[in-house]
Amino acid sequence: MNMNNHLSTIESLPNEILMGLYEYFDGRELYNIFYNLNSRFNSLLRSVRHLSLYYQAPFDNLIDCHTIYSSQIHALNIYSKQNLKLDQFFNVHRLTLWFPTDEQIFQIDAKSFPRLEYLSVSYTVSKPSICSLYEKIFSNDFSLLKSCFLSGNESPTQASKWTQSPNLKYLHTTSINPSVLIACPNLYALNLILPTLHDISPNLIIHLNLKRLKLILTSIVWFEDEKKFEVLFSAMPNIHRLSLHKLFSIINPIDLLLNYDWLSTVIIRCLPLLKEFIYHVYIFNLFNLDQLDIDRSLPEIKENFSKMYQNQSEYFLKIKPYNT
């Protein structure tokens with residue numbers, strides 16, 4: 001028997017398997033590997049939906065690739081400062097930009113992305129383009145937008161023209177600007193990354209639909225004014241799941257942790273529906289000091305946490321080293 005009769009090539013695979021195989025490739029990879037092999041492959045590639053496309057240098061065959069696939073791109077990720085015409089990707093549902101240029105940001109609008117459901121923008125400073133983007137996001141220009149990730153050192157303060165974005169359910173922000181929260185009345189989950197709660201406004205509106213909060217406080221100053229926590233938690237009375245992340249510098253005396261009440265008074269009073277609470281403490285050994293004292297005290301610290309939250313089986317304290 002001729003063994004060559006049993007050898008198969010990729011061209012012998014049925015269309016269903018090829019289509020499943022294509023899902024594991026980025027759009028540019030599909031173009032570089034499969035396009036123009038033959039008319040069958042070209043036809044199959046043009047019928048693929050929900051493609052992902054990653055832009056980063058070098059840009060081999062970039063123009064041909066996005067010209068062919070532009071209407072099929074479902075997720076677009078840009079890691080480049082190259083000026084691109086974004087309006088050709090009108091079928092994009094997920095858009096991610098890392099430290100984009102002003103020109104790229106100004107192109108993010110409802111006309112170019114009428115089907116946008118997820119938006120992620122990481123930036124360094126609040127440029128005029130970011131102000132324009134915030135106005136679009138929080139004035140419901142993207143009517144289908146459900147999830148938004150905004151990560152920058154600052155956020156716009158001018159919000160007079162903002163209306164509201166009622167369909168926005170998931171928000172990640174590095175700002176406690178009350179106008180941002182006012183513009184999202186139906187939030188379900190909120191991630192807040194802040195240095196401290198020092199600048200929190202007492203005028204936060206109440207978010208009755210908010211069920212999940214992740215709060216990351218990056219300052220190495222351990223104590224926060226509990227009244228600030230009370231302001232924040234009182235505006236979110238129906239939270240079911242809370243994740244709190246806090247730095248602890250080892251230069252502080254260990255007694256601070258041994259005698260801390262872990263916000264129990266505020267949480268019990270302000271969050272009556274809370275079912276799951278995880279307090280993450282990251283030990284920041286700023287001067288590379290000996291951590292033996294903390295290691296020896298960990299059981300007692302965790303026991304104290306449990307005493308503060310008796311009969312709460314889903315409340316946990318997690319302590320681990322902070323890795324810069």
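Me: How much area does the chain expose, and what do carbon and sulfur atoms supply?

Reply: In this predicted model, the chain exposes about 16,900 Å², and 52% of that area comes from carbon and sulfur atoms. On the inside, 46% of the 324 residues count as buried. The secondary structure comes to 11 helices and 11 strands.

Me: What makes Y54 partly exposed?

Reply: Its relative accessible area is 37%. The partly exposed class runs between 20% and 50%, so Y54, at 37%, belongs there. Y54 sits in strand β1, residues 51-55.

Me: Which residues form a nonpolar patch on the surface with Y54?

Reply: Y79, W98 and F99 join Y54 in that patch, and together the four have about 390 Å² of accessible area. Patch members need over 30% relative accessible area; Y54 has 37%, so Y54 passes that cut-off.

Me: How do you know that E230 and R269 form a salt bridge?

Reply: Happy to show you! The closest N and O atoms of the pair are 3.0 Å apart. The cut-off is 4 Å, so at 3.0 Å the pair qualifies as a salt bridge. This pair links distant parts of the chain: E230 is in helix α8 (residues 226-234) and R269 is in helix α10 (residues 264-270), 39 residues apart.

Me: Why are E230 and R269 called partly exposed?

Reply: E230 has 28% relative accessibility, and R269 has a relative accessible area of 46%. Buried would need under 20% and exposed over 50%, so both residues are partly exposed.

Me: What makes R241 and E276 a salt bridge?

Reply: Their side chains meet at 3.6 Å, N to O. That is within the 4 Å limit, so the name fits. Here too, distant parts of the chain are linked, with R241 in strand β9 (residues 241-249) and E276 in strand β10 (residues 276-284), 35 residues apart. R241 is partly exposed at 35%, and E276 is partly exposed at 25%.

Me: How many salt bridges are there by this rule?

Reply: Three. E303 and K307 form one of them, with their closest N and O atoms 3.8 Å apart. Since the limit is 4 Å, 3.8 Å is accepted.

Me: Why are E303 and K307 separated by about one helical turn?

Reply: Because they are four residues apart in helix α11, residues 292-308.

Me: Which of the two, E303 or K307, is called exposed, and why?

Reply: K307 is, because its relative accessible area of 51% is over the 50% cut-off. E303, at 45%, counts as partly exposed.

Me: What makes up the largest nonpolar core?

Reply: That core has 89 residues, and F138, L232, F233, W262, F277 and Y279 are those with the most contacts inside it. It draws at least three residues from each of domain 1 (12-47) and domain 2 (188-323).

Me: What does W262 touch?

Reply: Leaving aside residues up to four places away in sequence, W262 touches a list of residues, among them W222, F277, Y279, I301 and F305.

Me: Where does L256 lie, and what does L256 touch?

Reply: L256 lies in helix α9, residues 255-258. Not counting residues up to four places away in sequence, L256 touches W222, F223 and F248. L256 and I301 are 45 residues apart in sequence and 9.9 Å apart in space, C-alpha to C-alpha.

Conventions
Residues numbered from 1 in each chain as written. Predicted model: local features only at pLDDT ≥ 70, side-chain atom pairs only at ≥ 80, totals over all residues. Heavy atoms only, no water. Core = buried A, V, L, I, M, F, W, Y, C linked by side-chain atoms within 4.5 Å. Buried < 20%, exposed > 50% of the residue type's maximum accessible area, 1.4 Å probe, protein only. Domains from an automatic or database assignment. Contact = heavy atoms within 4.5 Å. Patch = residues over 30% accessible without salt bridge, like charges linked within 9 Å, V, L, I, M, F, W, Y side chains within 5 Å. Areas by Shrake-Rupley, 256 points an atom, 1.4 Å probe, with all protein chains shown as cover. Helix = DSSP H or I, 4+ residues; strand = E, 2+ residues; numbered from the N terminus.
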